[in-house]
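Reader: I would like a close look at a single part of this protein, followed outward into the parts around it. Please give the cut-offs as you go.

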Amino acid sequence: MISIWKKELRSSLCSVTGFLYLAASVFFFGVYFYVMNLYQGMAHVNYAYASVVYLFSVTIPILTMRTFSQEFRDRTDQLILTAPISLRSVVLGKYLACLTLFLLPVVIAASFPLILTGYGSVAIAEAYTTLLAYILYGMAAIAIGIFLSSLTGNVVIAAVSTALVLFLAYTMGGFGELLDVPVLKQFLSAFHMQARFLTMETGVISLRSILYFLTVAAAFLIFTVLRLRSYKSRRGGNAAEKRSCLILLGITILAVVGVNLAAGFLPDRMTEFDVTMKEFHHLTDVTKEFLGTLDKDVTIYVYKKEAEAEPDTVKLLKNYAAFDHITVEYVDPETSPRFPTKYTVNGFSEGSLVVTSGGAFRIIDQESIYTYSEPEMKEYGVTPDGFDLEGLLTSAIDYVTTDRLPMIYEISGHGELLLAGEFQTAMDRENVKLQELQLVGAGSVPKDADCVLILAPSSDYSEAEIGALKDYLAEGGHIYILLQWTEEQQKNLHAFLAEYGIEVQYGVVSETDTDVYFQEPYYLIPEIRSTSVTEDLAGNLALSAMSVGLRSSDPAVETILKTSEKAFLKKNPQEAKSTGKEEGDVEGEYLLGVFRQWTVDITPESMSDGSGRMTRESMLTVFGSPYMTQDAIDGYISGMNRKLFISIMGHMISRPALTSVPTKSYSYDYVTVSMSDATFFGVILAGVLPGILLVVGLAVWVLRRRR
């Protein structure tokens with residue numbers, strides 16, 4: 001067997017066919033990895049692997065078409081039939097040679113998740129589980145190709161028949177759904193190889209799928225051996241041997257069907273293992289730091305027997321109870337059915353939690369502990385995509401132990417955006433009160449405002465409104481502003497910012513440096529700089545899309561984000577013919593986010609005579625992009641824009657001990673790869689490596705021809 005393996009492998013690597021397969025496989029792997037993961041920024045490499053499976057009907061025939069059909073064509077089959085080794089060893093040797101070639105590109109593909117980890121959180125478990133399924137699928141497909149090659153002496157027919165069978169095996173489930181005949185659908189599902197692959201693509205190690213692929217591979221290898229024995233016996237006139245082959249064929253089919261049917265009756269807990277589930281009971285650093293400073297006693301009641309509570313919930317609560325001032329108690333619904341009425345008239349479901357301290361309390365309903373991307377998914381029994389208990393608990397503890405909750409006003413009336421999605425959830429977790437405010441009607445910013453948000457107004461502010469904002473800052477106020485490019489300049493707002501040393505450049509910033517933009521030149525990914533409000537995030541990347549340019553010569557203005565020196569400003573992006581630099585665009589370095597803090601003297605209303613003057617810190621944060629608080633953009637940067645927003649808000653509302661813990665997600669969103677890096681890896685994986693393999697293959701073929 002080893003000698004056959006070496007001979008076949010050497011033969012494949014001394015021909016164009018072997019290198020053609022290697023080049024094609026590496027090319028397809030590289031293209032899908034570049035498009036899906038490097039360019040689009042998807043954190044799931046398993047999608048790229050799954051896409052290549054579809055091409056088995058193209059690549060596997062290249063690999064297997066010559067294994068036996070060429071032997072028949074060249075009439076060297078007699079050497080196989082009369083060789084002093086068993087037919088089983090011949091078939092296994094050829095199979096292992098094909099499998100070795102098949103695995104060489106897989107080794108390269110296995111590095112993809114590791115490459116991507118340098119740009120964000122990656123679904124590692126799903127990637128390698130999918131790659132395992134890819135290998136198993138390939139093992140079965142190669143065995144099918146070898147068997148079909150043993151049926152004909154025509155290499156082309158062997159290739160076409162293999163391609164057709166693998167295509168049908170990939171799409172068989174679709175035919176079953178199309179016909180919608182239960183019995184026929186069940187029958188066709190036995191041949192649907194793609195269905196078994198999809199089971200593992202989601203990060204579930206399915207023993208049923210593994211068994212299916214292995215038994216299919218073994219069965220077709222046995223079929224190949226029996227085919228050769230039958231061929232040999234037919235040529236030798238041995239009828240008894242032919243009958244023996246038919247009996248063994250029937251036994252093999254029955255064994256494969258029986259084993260897979262038996263596996264189908266086993267419970268899922270014995271055959272499926274989800275490797276994507278994270279250890280959600282571990283506390284984040286945010287919670288640990290917050291609980292470490294807690295000075296009030298808190299009791300957490302769980303309306304469920306401990307033995308019946310969710311394992312993740314029990315483990316997480318044990319970590320909370322390890323801190324001073326935290327007590328966890330389980331309440332049995334059977335012995336205390338009226339417990340919920342102490343806190344609410346309508347009651348709450350079993351498994352819910354009540355967090356109390358003094359006379360304050362907050363209820364965490366059991367329904368909110370797990371999250372779903374779509375609400376209706378829970379009704380259909382779909383697995384949740386997140387575990388949110390830590391975020392809810394930490395926020396609840398903060399709520400019941402805080403004497404005064406911060407108040408943030410969101411200015412409206414000029415087409416401004418309002419906080420929504422994960423950004424609003426983050427503020428809710430900080431127990432911040434959000435209230436909409438129209439300056440035109442109010443005339444001034446309320447005295448209880450801890451911060452004012454002005455998110456991307458589409459029209460200018462009046463002089464009276466600007467005056468109200470100035471008065472607010474003069475009293476030690478805090479303002480967070482997002483700008484956006486508008487066809488008509490917002491002269492009053494821009495003049496207001498200029499008074500504080502922040503000059504707005506009329507236009508949208510783009511980049512020519514491919515290292516600092518993502519997908520498009522106006523999707524900028526600058527590094528967060530260390531400032532008074534971003535020290536903990538310095539060095540990470542943020543995503544600033546369609547940003548107005550800022551500049552400042554005032555040393556009191558701290559730079560949070562800025563472009564490279566190769567950036568340029570499009571004065572009128574609506575009339576631009578290209579996203580690249582055009583005539584009239586102003587090149588240079590621009591600021592994308594700035595922060596300024598200064599001290600003001602104020603006189604409290606209770607001391608109008610001036611006898612009790614005191615100082616406060618005014619703060620002003622400005623970003624040029626209107627998308628800095630949008631979930632869609634934040635998803636591309638693994639939540640870093642949200643972390644940046646929370647960090648700045650923590651300083652502006654005087655809450656250094658932040659309590660916002662995001663939902664612990666079962667899935668991953670996006671990674672952010674600069675265009676230069678994406679292009680580099682794309683060219684290497686989809687261009688250079690396949691090109692080298694093709695050149696080497698041609699060189700080997702030419703040298704062999706000359707000999």
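Where is N431 found?

Author: N431 is found in the loop between α19 and β10. This is a predicted model, in which local features need pLDDT of at least 70 and side-chain atom pairs count only at pLDDT 80 or more, while totals for chains, interfaces and linings use all residues. Residues are numbered from 1 along each chain as its sequence is written, and side-chain values use heavy atoms, with hydrogens and water left out.

The phi angle of N431 is near 60°, a positive value in a residue other than glycine. With a relative accessible area of 4%, N431 is buried (buried means under 20% relative accessible area, exposed over 50%, and partly exposed in between, with a 1.4 Å probe and protein chains only). The elements named here are DSSP runs numbered from the N terminus: helices are H or I over at least four residues, strands E over at least two.

The loop of N431 leads into β10, so the next part to describe is the pairing of that strand. Strand β10 (residues 433–437) runs parallel to β9, and five bridges join the two; strands count as paired if DSSP finds at least two bridges between them. One position in this pairing is I411, which stands opposite L437 in β10. From β9 the chain crosses through helix α19 (residues 421–429) to β10, and this β-α-β crossover is right-handed. The term means that, with the strands pointing away from the viewer, the path from the first strand over the helix to the second runs clockwise.

Strand β9 also pairs with strand β11 (residues 451–455), in the parallel sense and over three bridges. Here I408 stands opposite C451 in β11. How many residues of strand β9 are buried? Five of the five residues, 407–411, are buried, so the strand is largely enclosed by the rest of the structure. In a regular strand the side chains alternate between the two faces of the sheet. In β9 both faces are covered: M407, Y409 and I411 are buried on one side, I408 and E410 on the other.

Another residue with positive phi follows strand β11. A456, in the loop between β11 and α21, has phi near 55°, again a positive value in a residue other than glycine. A456 counts as buried, at 2% relative accessibility.

The loop before β9 takes part in a salt bridge, defined as a side-chain nitrogen of Lys or Arg within 4 Å of a carboxyl oxygen of Asp or Glu. The side chains of K296 and D403 meet in this way at 3.2 Å, N to O. The pair links distant parts of the chain, 107 residues apart: K296 is in the loop between α16 (285–292) and β3 (298–302), and D403 in the loop between α18 (389–401) and β9. K296 is partly exposed, with a relative accessible area of 29%, whereas D403 counts as exposed at 73% relative accessibility.

Helix α21, on the far side of the A456 loop, holds one end of another salt bridge. The side chains of K470 and E499 meet at 2.6 Å, N to O. K470 lies in helix α21 (residues 463–474) and E499 in the loop between α22 (491–498) and β13 (503–510), so the pair ties together parts that are 29 residues apart in sequence. K470 counts as partly exposed, at 28% relative accessibility.

Elsewhere in the chain, salt bridges that share partners join K7, E8 and K94 into one network. Within it, the side chains of E8 and K94 meet at 2.7 Å, N to O. E8 in helix α1 (residues 2–13) and K94 in helix α7 (residues 87–109) are 86 residues apart, so distant parts of the chain are linked here. Both E8 and K94 are buried. By the rule above, the count comes to 13 salt bridges.

As for confidence, pLDDT is the predictor's own score for each residue, from 0 to 100. The protein chain averages a pLDDT of 86, and 90% of the residues score at least 70. Among its elements, helix α11 (residues 182–189) has the lowest mean pLDDT, 64, and strand β12 (residues 478–482) the highest, 97. Where pLDDT is low, the predicted coordinates should not be read in detail.
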